[in-house]
Amino acid sequence: MTLPEHAAENLRYWNGMAHDWVAMGERAWDATEITWGEWGVPEADLRLLPDDVTGLDVIELGCGTGYVSGWLARRGARVTGLDLSDRQLATARRLADEHGADIRFVRASAEDVPFPDDSFELAVSEYGAPTWCDPDRWLPEAARILRPGGRLVFLTNHPLTHVATPADGSAVVRSFERPWFGPERHDWREAEVEPGGIEYGPTPAGWIRRLRAFGFSIEAYHELRAPEGDGDEVKFFVDRAWAHDFPSEHVWVAELEG
């Protein structure tokens with residue numbers, strides 16, 4: 001499998017840290033309610049998914065430990081979980097077996113999906129493809145594999161978090177550390193504080209332009225807000241007080257035009 005630089009680096013990064021996500025994956029699989037993002041916003045508040053997913057052909061693009069796939073499969077969808085990290089998929093397969101969830105797991109990149117055109121009615125991704133894949137590669141693939149009228153739901157970091165993250169990779173601050181109209185590709189391999197992989201973070205205007213160009217109409221857009229609580233609580237370099245005052249995550253719902 002020949003991968004572009006960012007995909008090869010992110011595969012190395014995620015395989016190297018897959019063990020750190022096992023416990024979180026186990027907790028998410030045990031949850032009975034669907035929630036979104038690091039701050040657990042309930043699906044009942046956002047209404048991102050169809051009310052009834054029974055019998056829908058669904059793909060999760062960048063499934064990680066597979067908990068979103070698990071939520072949908074246990075609600076009656078026919079689910080495929082796709083991820084490039086074989087170690088993440090090993091955890092996903094184990095948890096699916098333990099929970100009796102019938103899910104097809106496939107090792108592949110969301111930038112090169114090994115399924116025919118018009119294969120799915122719903123594509124979903126929480127911190128998968130929209131964070132770690134090139135939007136000019138994975139969005140046209142999502143459009144290709146969705147049927148006309150199919151729904152795309154994805155959640156990722158709000159670009160404001162990139163603007164507020166210091167160059168050393170430390171926690172977000174309440175000042176602008178880099179330009180809003182800066183690069184969309186963020187390489188964290190040389191960060192002094194916990195080096196990471198290569199992320200992508202278009203502005204909302206960048207997402208809108210691409211979604212329209214690849215044949216989607218935008219149905220909903222949400223900037224997620226952390227609920228009240230311990231303001232000093234930190235989730236992946238963002239404290240709750242910051243995420244209560246500023247959006248640290250955003251979610252898009254789009255429909256493929258016929």
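Contact here means heavy atoms within 4.5 Å. By that criterion, in this predicted model, Glu141 touches Ala110, Glu111, Asp112 and Val113, leaving aside residues up to four places away in sequence. Glu141 sits in helix α7, which spans residues 135–145. Its relative accessible area is 13%, and Glu141 is therefore buried, the cut-off being under 20%.

## Overall form

The protein contains 10 helices and 13 strands. Its radius of gyration is 17 Å, close to the 18 Å that the globule rule gives for 258 residues, so the protein is as compact as a globular protein of that length. Along the principal axes, the C-alpha atoms fill a box of roughly 45 × 40 × 40 Å.

Buried residues make up 54% of the 258. Among contacts with a separation of 6 or more, 69% are between residues 24 or more positions apart. The exposed area is about 11,700 Å², of which carbon and sulfur atoms supply 49%. On the charge side, there are 25 positive and 46 negative side chains, and the centres of the two sets lie 3 Å apart.

## The loop between β5 and β6

Ala110 is one of the contacts of Glu141. Ala110 belongs to the loop between β5 and β6. With a relative accessible area of 4%, Ala110 is buried. Apart from residues up to four places away in sequence, Ala110 touches Leu61, Leu82, Ala129, Cys133, Trp138 and Glu141. Of these partners, Trp138 is 28 residues from Ala110 in sequence, while the C-alpha atoms of the two are 5.5 Å apart in space.

Asp118 is also in the loop between β5 (103–107) and β6 (120–126). Asp118 is partly exposed, at a relative accessible area of 43%. Although it is not a glycine, Asp118 has a positive phi of about 60°. A positive phi also occurs at Tyr127, about 55°, and Tyr127 is not a glycine either. Tyr127 lies in the loop between β6 and α6.

The accessibility values given for individual residues are collected here.

| Residue | Relative accessible area | Class |
|---|---|---|
| Ala110 | 4% | buried |
| Asp118 | 43% | partly exposed |
| Glu141 | 13% | buried |
| Leu146 | 0% | buried |

## Leu146 in strand β7

Leu146 is part of strand β7. At 0% relative accessibility, Leu146 counts as buried. Outside the residues up to four places away in sequence, Leu146 touches Asp118, Phe120, Glu121, Leu122, Ala123, Arg151, Leu152, Phe216 and Leu256. This list includes Asp118, which lies in the loop between β5 and β6. For Leu146 and Leu56, which are 90 residues apart in sequence, the C-alpha to C-alpha distance is 12 Å.

## Two helices with a buried side

An α-helix has 3.6 residues a turn, so residues three or four places apart point the same way. Two helices of the model can be described by which side is covered.

Helix α2 covers residues 22–30, and its buried residues are Gly25, Ala28 and Trp29. They cover an arc of only 100° around the axis, which puts them on the same side of α2. Arg27 and Asp30, on the other side of α2, are exposed. The cover over the buried residues of α2 includes α4 (67–73), α5 (86–98) and β5.

Helix α9 runs over residues 204–213, with Pro204, Gly206, Trp207, Arg210 and Leu211 buried. The arc they cover around the axis is only 155°, so they are on the same side of α9. Ala205, Arg209, Arg212 and Ala213 are exposed on the other side of α9. Arginine thus appears in both groups: Arg210 is buried, whereas Arg209 and Arg212 are exposed.

Among the elements that cover the buried residues of α9 are the helices α6 (129–132), α7 and α8 (159–163). The strands β7 (146–157), β10 (216–224) and β13 (249–256) are also included in that cover. Two of these elements were met above: α7 holds Glu141, and β7 holds Leu146. After α9 comes Gly215, whose phi is positive, near 95°.

Methods:
Residues numbered from 1 in each chain as written. Predicted model: local features only at pLDDT ≥ 70, side-chain atom pairs only at ≥ 80, totals over all residues. Heavy atoms only, no water. Helix = DSSP H or I, 4+ residues; strand = E, 2+ residues; numbered from the N terminus. Rg over C-alpha atoms; globule rule 2.2 N^0.38 Å. Buried < 20%, exposed > 50% of the residue type's maximum accessible area, 1.4 Å probe, protein only. Areas by Shrake-Rupley, 256 points an atom, 1.4 Å probe, with all protein chains shown as cover. Lys, Arg positive; Asp, Glu negative; His and termini not counted. Charge placed at Lys NZ, Arg CZ, Asp CG, Glu CD. Arc of directions from axis to C-beta.
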